[in-house]
Amino acid sequence: MSTDTATYRRDLLRALRSHHVAPDRIGEIVAEVESHVAETGETPVEAFGPAREYAAGFAGPRPLGARLAGVWLVVLGAACGWLIANGVFGLVADERVHGMPAGVALALGALLWVPPMIGQLRRQLPVADPRTGRRMTPGPAAVVVSMTVFLALLAAATWLVAVLTV
Amino acid sequence: MPDDNWPGEWLRAVLPLCVLAAVAAEETYGYAVAQRLQAAGLGTVKGGTLYPVLNRLEEEGFLTSSWREGAGGPGRKYFTVTAAGAEHLADRTSAWQSFTERAEGLLPSARSPR
């Protein structure tokens with residue numbers, strides 16, 4: 001696969017997901033692009049236009065439930081970040097966080113990270129290549145690992161700031 | 001007017017029917033349909049225009065598709081016309097011919113002096 005096609009695949013997958021296209025349809029659309037340009041020798045942009053514009057043609061209406069769930073997950077994510085940050089500062093300064101032990105705030109923050117993780121897993125169902133059956137996107141384990149690493153890095157950065165400032 | 005420069009609205013109107021006709025002629029894949037349309041004088045139809053038309057025809061139940069391994073390539077998606085698609089093609093072809101005959105009756109002859 002050329003660099004052009006690999007980049008286009010990544011951009012098209014991302015754009016189709018952002019438009020809430022079903023994983024089966026995403027696999028078909030991406031495979032059609034790759035198959036077609038392999039036959040014609042064109043670049044994907046020459047044949048299909050920019051990935052974002054091509055993907056927009058497949059966009060359906062976003063259900064109200066999905067929009068509300070998105071807002072709810074952002075709120076939970078923010079609460080999680082706030083509890084983790086305050087928990088870390090509380091541990092370093094040996095202080096309670098809003099009346100609770102700092103360790104409890106930290107654990108509560110980590111627990112609040114679970115719903116956004118589940119939401120992300122549900123939103124990013126794996127896309128299979130209809131030609132081979134192989135995955136075109138990372139599996140659920142990669143989503144869990146990347147989100148856990150993100151949270152750990154956030155906690156580590158906060159700890160560093162706390163150690164330097166408290 | 002050069003063959004590959006038809007007004008876009010003409011092509012948009014007739015493309016689904018021509019694509020359906022190309023698939024009805026023989027089981028085929030996207031690039032071959034584009035070549036068939038070009039050989040018929042309709043100009044170059046890019047993938048970004050062609051595949052949404054093929055997908056819509058499939059959603060409407062006029063085509064079915066299946067992936068098959070390509071010779072050294074990444075695989076081809078073959079399209080086949082359904083019974084409903086063949087019936088739709090026959091109905092619309094007849095209607096299209098009546099429509100274009102009527103439109104032609106209104107238009108001045110290309111060779112007639114204005």
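What follows is a working chat about a predicted model with chains A and B.

User: Let's start with chain A. How many helices and strands does it have?

Analyst: Chain A has eight helices and zero strands. Read along the sequence, the pattern is α-α-α-α-α-α-α-α.

User: And what's its radius of gyration, next to a compact globule of 166 residues?

Analyst: Chain A comes out at 21 Å, whereas a compact globule of 166 residues would be near 15 Å. Along the principal axes, the C-alpha atoms of chain A fill a box of roughly 65 × 35 × 25 Å.

User: Which domains does the assignment give for chain A?

Analyst: Domain 1 covers 1–61 and domain 2 covers 63–166. The centres of these two domains of chain A, taken over C-alpha atoms, are separated by 30 Å.

User: How many residues are in contact between those two domains?

Analyst: On the domain 1 side of chain A there are 13, in contact with twelve residues of domain 2. The area buried between the two domains is about 1,000 Å², and carbon and sulfur atoms give 63% of that.

User: Which three residues of domain 1 supply more of that buried area than any other three?

Analyst: Leu13(A), Arg17(A) and Pro23(A). That trio supplies 47% of what domain 1 of chain A buries against domain 2.

User: What about salt bridges there, what's the count between the domains?

Analyst: The count between domain 1 and domain 2 of chain A is one salt bridge. As for pairs of this kind in the model, Glu34(A) forms a salt bridge with Arg131(A), with the closest N and O atoms 2.7 Å apart. For polar contacts across the domain interface, the rule finds two residue pairs, both at pLDDT 80 or more.

User: Which elements give two or more residues to the domain 1 side?

Analyst: Helix H1 (3–18) and helix H2 (23–40) of chain A. H2(A) brings the largest share of that side, eight residues. By class, the domain 1 side divides into six nonpolar, three polar and four charged residues.

User: Switching to the two chains. How many residues of chain B are in contact with chain A?

Analyst: There are 15 from chain B, and they are in contact with 18 residues of chain A. The area buried between chain B and chain A is about 1,400 Å², with carbon and sulfur atoms giving 55%.

User: Why quote an area at all?

Analyst: Because the size of an interface is often given as the accessible area lost when the parts come together.

User: Fair enough. How many salt bridges does the rule find across the chain B and chain A interface?

Analyst: Four salt bridges. Over all chains, the structure holds nine. Take Lys77(B) and Glu28(A): their side chains meet in a salt bridge at 2.7 Å, N to O. That pair crosses between chains, from strand E3 of chain B to helix H2 of chain A. Glu39(A) also forms a salt bridge with Arg76(B), and there the closest N and O atoms are 2.4 Å apart.

User: Why would side chains pair like that?

Analyst: In general terms, side chains of opposite charge can pair when their charged atoms come close.

User: How many residue pairs are in polar contact between the chains?

Analyst: The count between chain B and chain A is ten residue pairs, both residues at pLDDT 80 or more.

User: And which elements of chain B give two or more residues to the side that touches chain A?

Analyst: Helix H2 (30–39), helix H3 (47–59) and strand E3 (76–81) of chain B. H3(B) gives the largest share, six residues. The chain B side has six nonpolar, five polar and four charged residues.

User: One last detail. Where is Ser18(A) found?

Analyst: Ser18(A) is in helix H1 of chain A. A polar atom of the Ser18(A) side chain lies 2.7 Å from the backbone oxygen of Ala15(A).

User: How far apart are Ser18(A) and Ala55(A), in sequence and in space?

Analyst: Ser18(A) and Ala55(A) are 37 residues apart in sequence, and 9.1 Å apart in space, C-alpha to C-alpha.

Definitions and conventions
Residues numbered from 1 in each chain as written. Chains lettered and ligands numbered in written order. Predicted model: local features only at pLDDT ≥ 70, side-chain atom pairs only at ≥ 80, totals over all residues. Heavy atoms only, no water. Domains from an automatic or database assignment. Contact = heavy atoms within 4.5 Å. Buried area = accessible area lost by both parts, 1.4 Å probe. Polar contact = N/O pair within 3.5 Å; in protein donor to acceptor, adjacent residues only side chain to side chain. Helix = DSSP H or I, 4+ residues; strand = E, 2+ residues; numbered from the N terminus. Nonpolar A, V, L, I, M, F, W, Y, C, P; charged D, E, K, R; others polar. Rg over C-alpha atoms; globule rule 2.2 N^0.38 Å.
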